[in-house]
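Open the model in your viewer and colour it by secondary structure. We will go stop by stop, selecting as we go.

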Amino acid sequence: MSVDAIDSRGRVPQDIVAIFHASFHPTKGNLVDWCLKASDDLELDGVEFSTLPSGLHLVDQDVVYFTKDTHSGVCVFRRRRTAEHGHRGFRLTSLGVLLAKSTRSRPWRHVAALRALADSIYLSLETRGVLEPSESDWEPARVFFEERKVRRVDLSGAGEWYGWSHELDNPDPEFSRFNPTMHLSHLLRILGPSALTLYKHVLGRQRILIYTLPPVEAACILCQVAADICYAAQLDPSTNDINENDPATQYYTRLKGKTQEGIHVLGMVTLSDLDKMDREGKTGRGWVACTTDAIFLDKPSYYDLLIDLTTSTPSKTSRPTLYLSKPQPQPSGSKGPTHRLTVFRFAWSDIRLWNELERILQLDGDQCAQPCCRPSFETDARSKASFSWTDPWRIYEDVCIVCAGLWMGSWRGNSVASYSTGNGSLANWGSIRLEGDDDLTVDGTFVRNLGMGIEGCPGGSPNSKGMRRSSGMTWPGNTSADRRQPSSSSAATRSMPQLGSNSNDTDPETNERRDRQILTTLALLQTFHANTSFQLSRLVDLLPSVTSGTPETSIIYITPKDMVSFELGPLSSLDARYLEWLADEYGAGSQIVVKRGWKDLFGMIFGFG
């Protein structure tokens, strides 16, 4: 029986292996004071720190995503008022679950029910004036666990991966309603062109840490969204719908990554997770995590990319700041820091891909109800004049986009856009775009709590046909001969004309808004995947171990001109490292070294060699 049939009959996912309650005690600290487990072998040590991270005492409620060993988890946090001595006026508690390991764990499917369960238990205690819950008070939690606990090894299909179409346009509206991937457009809007730096680190399987202030639900969601950008490309090819006879997808059957899983989403991490972060980093799979502990800013050796969301708030009209962690030489016997943080935004080679993404965002954002998601051409001119110039990085981005458009327009004017979804048109290739996503209004572009706009564009449009084929997207099947056409996104977008047709919500405006969000998300995923497909297909041509089909250890030296063939910047050190990351993952023992001497750069610019 398919998972669609199960969900359509109202069956809840049965993939929970444990349910627990964690609280903060004024003398004992964080502790797990109640739990139920599917197996006695399951250890819950340490979840009390992940579910009650530092700073959460400042908010009344929140949702925290985390991991425990190989299990994904989620909990709902509540700050309950109390007059007890020593509690400083509040009790800090979290009710959470752990899920069984699967191809794609979906803890967000339990969030709505978990919230209702926590509210019912705490309301019962408050009504009766009880401070400490008794065993009978946990009866609703027992019923919840029995209904959703693991019963079959295959989880009745709850943890399987069926492609983005099934993921986002499922007959069960609850399946996609809380899906973090639907927030992809908002991630791009708040990061701007710097989102492509994140994309390169995800595809290169690096260690990515997001620093945030409470509430943390938005940061946890952004972790999952970041991983989903490259999820289909990083999976084992056998799990994707691939036509081996299609030239556009032949590289899938020839490239075998060392880790044929998506980058690991750790969720919330604290200082108690330092060993886990170090251990996960050595696996080569890479990870994405978030934290509220500012001390991580002084520990750059534990991650490769840091995204500081605290620099983007209502009072600071600026973007989140990205830092690259770079090793620094140490004198012999010195015990100083081994790494330092360097501010980084984006490379010039990112501008073309960003222009394509921005065009799709504008198609969805013309009627957006939230200021943080509107295109900048809709903002008030006086507000924009007053505030956009207060951010020097905003000016830097505009100048870079202009210069990159002029430079790359003449440098690669005859190139075909690897990620172009504009029906093969080169009209926008190398164009200069200043208008678009950068909305630095009075309210700023800040990370909102769920329900306040993180969905990307909650405002519905009276004309959902704004997302039409002539808008610059190419639906699968029209350009199958193009080697740069993404493969897995083809299966994901076949049902796009019928989006929302199976929704149980009868409100036309809600259905229309959902349709637009799904269309936008699938178009963005398609664009990312097409760019990934192109660069991996170029990698196949360079790596002899892939071409011959036999593993061989070798060092391949490539020139700046070779980097141009990947549509990367020959002057960018990040792009050079990005190619090395890809070779390390897919090279089957081969290594890539980019020659970046003056002779090589002059030869590329002036056409020598």
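In which loop is the place of R205? Select R205 and look at what flanks this residue: the loop runs between helix 8 (195–203) and strand 6. The model is predicted, so treat every value here as computed from it.

**Stop 1: R205 and helix 8**

Stay on R205. Its phi is near 55°, a positive value in a residue other than glycine. The positive phi comes just after helix 8. Is R205 buried or exposed? R205 is buried, because its relative accessible area is 6%, and the cut-off for buried is under 20%.

Now select helix 8. Nine of its nine residues are buried, so helix 8 is largely enclosed by the rest of the structure. Among them are K200 and H201. T197 and Y199 are buried too.

**Stop 2: the six-stranded sheet**

Move on to strand 6 (207–211). Which order do the six strands of the open sheet take? The order is 7-8-6-9-10-11, and the pairing is mixed. Strand 7 and strand 11 (339–343) are the edges, each pairing on one side only. On average, neighbouring strands of this sheet are turned by 20° against each other, direction ignored.

Zoom in on strand 6 and strand 9 (residues 305–308). These two strands run parallel and are joined by four bridges. Pick I210: its bridge partner in strand 9 is I307.

Next, follow the chain past strand 6 into the loop that leads to helix 9, where P215 sits. Select P214 with P215. The peptide bond from P214 to P215 is cis, with omega near 0°.

Then show helix 9 (217–228). Helix 9 lies across strand 6, strand 7 and strand 8 (287–291). Against strand 8, helix 9 runs at about 170°.

**Stop 3: the five-stranded sheet**

Hide the first sheet and bring up strands 1 to 5. They form an open sheet in the order 2-1-5-4-3, with antiparallel pairing. Here the edges are strand 2 (29–37) and strand 3, each pairing on one side only. Neighbouring strands of this sheet are turned by 25° against each other on average, direction ignored.

Begin at strand 1 and strand 2. Eight bridges join this antiparallel pair. A22 stands opposite V32 in strand 2.

Now centre on strand 4 (71–81). How many of the eleven residues of strand 4 are buried? Ten of the eleven are, so strand 4 is largely enclosed by the rest of the structure. On one side is strand 5 (residues 90–99), paired with strand 4 in the antiparallel sense over nine bridges. C75 has G96 in strand 5 as its bridge partner. Strand 3 also pairs with strand 4, antiparallel over eight bridges. There, the bridge partner of F66 is G73 in strand 4.

Follow strand 3 into strand 4. The two form a hairpin with two residues between them. Select D69 in the turn: its phi is positive, at about 55°. D69 is partly exposed, because its relative accessible area is 44%.

Add helix 3 (residues 111–128). Helix 3 lies across strand 1, strand 3, strand 4 and strand 5. The helix runs at about 35° to strand 4.

**Stop 4: Q14**

Go back towards the start of the chain and select Q14, in the loop between helix 1 (3–8) and strand 1 (16–25). Q14 is buried, because its relative accessible area is 13%. Show its contacts, leaving out residues up to four places away in sequence. Q14 then touches E147, R148, K149, V150, R151, L155 and S156.

**Stop 5: the largest pocket**

Finish by showing the pocket surface. The largest pocket holds about 660 Å³ of space. Which of its 35 lining residues are the closest to its centre? Select S72, S102, T103, H264 and R285.

Colour the lining by class: 13 residues are nonpolar, 14 polar and eight charged. Strand 3 (61–68), strand 4, helix 9 and strand 7 (264–268) each supply at least two residues of the lining. Helix 9 gives the largest share, five residues.

Key:
Residues numbered from 1 in each chain as written. Predicted model: local features only at pLDDT ≥ 70, side-chain atom pairs only at ≥ 80, totals over all residues. Heavy atoms only, no water. 1 Å grid on protein atoms, 1.4 Å probe; cavity = no way out; pocket = protein on both sides within 12 Å on 5 of 7 lines; lining within 4 Å. Points joined across faces, edges and corners; volume = space filled by probe spheres on them. Nonpolar A, V, L, I, M, F, W, Y, C, P; charged D, E, K, R; others polar. Buried < 20%, exposed > 50% of the residue type's maximum accessible area, 1.4 Å probe, protein only. Pairing = 2+ DSSP bridges. Axes fitted to C-alpha atoms, helices over the stretch in contact; angles between N-to-C directions. Contact = heavy atoms within 4.5 Å.
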